[in-house]
Amino acid sequence: MKQALIIYQSKTGTTKKYGFAIRDYLQSLNIEAKAIPVQNYTLEEIENADYVFLGCWTSGLFIILQHPDKIWSEFAQKLPDLSNKKVVLFTTYKLLTGSMFRNMEKQISNKIKRIELTFKAKNTVLSEKDKKELQNLIS
Ligand SMILES: Cc1cc2nc3c(=O)[nH]c(=O)nc-3n(C[C@H](O)[C@H](O)[C@H](O)COP(=O)(O)O)c2cc1C
């Protein structure tokens, strides 16, 4: 069984719930998926994962300068090599994600081969488009 690890940073719970929605959908596709906050991951869990989903809420000035929270950036610095994993980024936001994914990617660019997908949501549910993309990712 393929394994997915979803690691999120959430201030008020939206990104956490969106991460849970990703986890639940992956489980329905027979992927062994686990969702945990950035403080709780272990190197062993990352090592065992085929898919690593990294999520953070969007911080910025709402129309410009979006970037991950400092807590996420510190977490990103400490991540091990992910070059043999399929890496996906996700975020939740209110208005505009702008430079969010670029800034997230910049902080892990030395550890990944590429970003497979990015997901963004203004709420905590997976859209039909999200579901299709997840199906393609694992097929
Ligand atoms: C200080 C602050 C800055 C924010 N900046 C942006 C922004 O630039 N663009 C945007 O669309 N949403 C912005 N938001 C909204 C959050 O990204 C959004 O509410 C998110 O879903 C919160 O996720 P969480 O519940 O996981 O903490 C901001 C929120 C806060 C508190």
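How many residues of the shell around the ligand are nonpolar, polar and charged? In this predicted model, the shell divides into six nonpolar, 10 polar and three charged residues. The shell holds 19 residues, of which Lys11, Thr14, Thr15, Trp57 and Gly60 come nearest to the ligand. Helix α1, spanning residues 14–28, supplies the largest share of the shell, with three residues.

The chain as a whole contains five helices and five strands. Read from the N terminus, the order of its elements is β-α-β-α-β-α-β-α-β-α. The radius of gyration is 14 Å, close to the 14 Å given by the globule rule for 139 residues, so the chain is as compact as a globular protein of that length. The C-alpha trace spans about 40 × 30 × 25 Å along its principal axes. Of the 139 residues, 34% count as buried. Among the contacts with a separation of 6 or more, 79% are between residues 24 or more positions apart.

Strand β3 covers residues 51–57. Seven of its seven residues are buried, and the strand is accordingly described as mostly covered. In a regular strand, side chains alternate between the two faces of the sheet. On one side of β3 are Tyr51, Phe53, Gly55 and Trp57, and on the other are Val52, Leu54 and Cys56; both sets are buried, and both faces are thus covered. Trp57 also appears among the residues that come nearest to the ligand.

Strand β3 pairs with two other strands, β1 and β4. The pairing with β1, which comprises residues 3–9, is parallel and extends over six bridges. Within this pairing, Ala4 stands opposite Tyr51. The pairing of β3 with β4 is likewise parallel, with seven bridges. On this side the bridge partner of Tyr51 is Lys86 in β4. Tyr51 therefore has a partner in each of the two strands, Ala4 and Lys86. Together, β3, helix α3 and β4 make a right-handed β-α-β unit.

Strand β4 (residues 86–92) is also joined to strand β5 (residues 115–121), again in the parallel sense, by six bridges. Thr92 of β4 stands opposite Ala121 in β5. A right-handed β-α-β unit is made here by β4, helix α4 (residues 100–108) and β5.

Ala4, the partner of Tyr51, lies in strand β1. Ala4 has 25 C-beta neighbours inside 10 Å; because a residue with 20 or more is taken as buried, Ala4 falls in that class. Apart from neighbours within four places in sequence, Ala4 is in contact with Leu26, Ile31, Ala33, Ala49, Asp50, Tyr51 and Phe53. Two of these residues, Tyr51 and Phe53, belong to the buried residues on one side of β3. Ala4 and Phe75 are 71 residues apart in sequence, and their C-alpha atoms are 18 Å apart in space.

Ala76 lies in helix α3, which runs over residues 70–78. With 19 C-beta neighbours inside 10 Å, Ala76 counts as partly exposed, because burial requires 20 or more. When neighbours within four places in sequence are left aside, the contacts of Ala76 are with Gln107 and Ile108. Ile108 is 32 residues from Ala76 along the chain, and the two C-alpha atoms are separated by 6.3 Å. Ile108 is also a residue of helix α4, which spans residues 100–108.

Two loop residues were examined for their backbone angles. Most residues other than glycine have a negative phi. Asn30 is not a glycine, yet has a positive phi of about 70°. Asn30 is found in the loop between α1 and β2 (32–37). Asn30 has 10 other C-beta atoms within 10 Å and is exposed. Phe62, also a residue other than glycine, has a positive phi near 70°. The loop that holds Phe62 lies between β3 and α3. Phe62 has 13 C-beta neighbours inside 10 Å and counts as partly exposed, because the exposed class ends at 12.

Definitions and conventions
Residues are numbered from 1 along each chain as its sequence is written. This is a predicted model: local features need pLDDT of at least 70, side-chain atom pairs count only at pLDDT 80 or more; totals for chains, interfaces and linings use all residues. A residue is near a molecule or strand if its C-beta atom, placed from the backbone, lies within 6 Å of it. Helices (H or I, at least four residues) and strands (E, at least two) are DSSP runs, numbered from the N terminus. Ala, Val, Leu, Ile, Met, Phe, Trp, Tyr, Cys and Pro count as nonpolar, Asp, Glu, Lys and Arg as charged, and the others, Gly among them, as polar. Two strands pair if DSSP finds at least two bridges between them. A crossover is right-handed if, with the strands pointing away from the viewer, the path from the first strand over the helix to the second runs clockwise. Two residues are in contact if their C-beta atoms, placed from the backbone, lie within 7 Å. The radius of gyration is taken over C-alpha atoms; the globule rule is 2.2 Å times the number of residues to the power 0.38.
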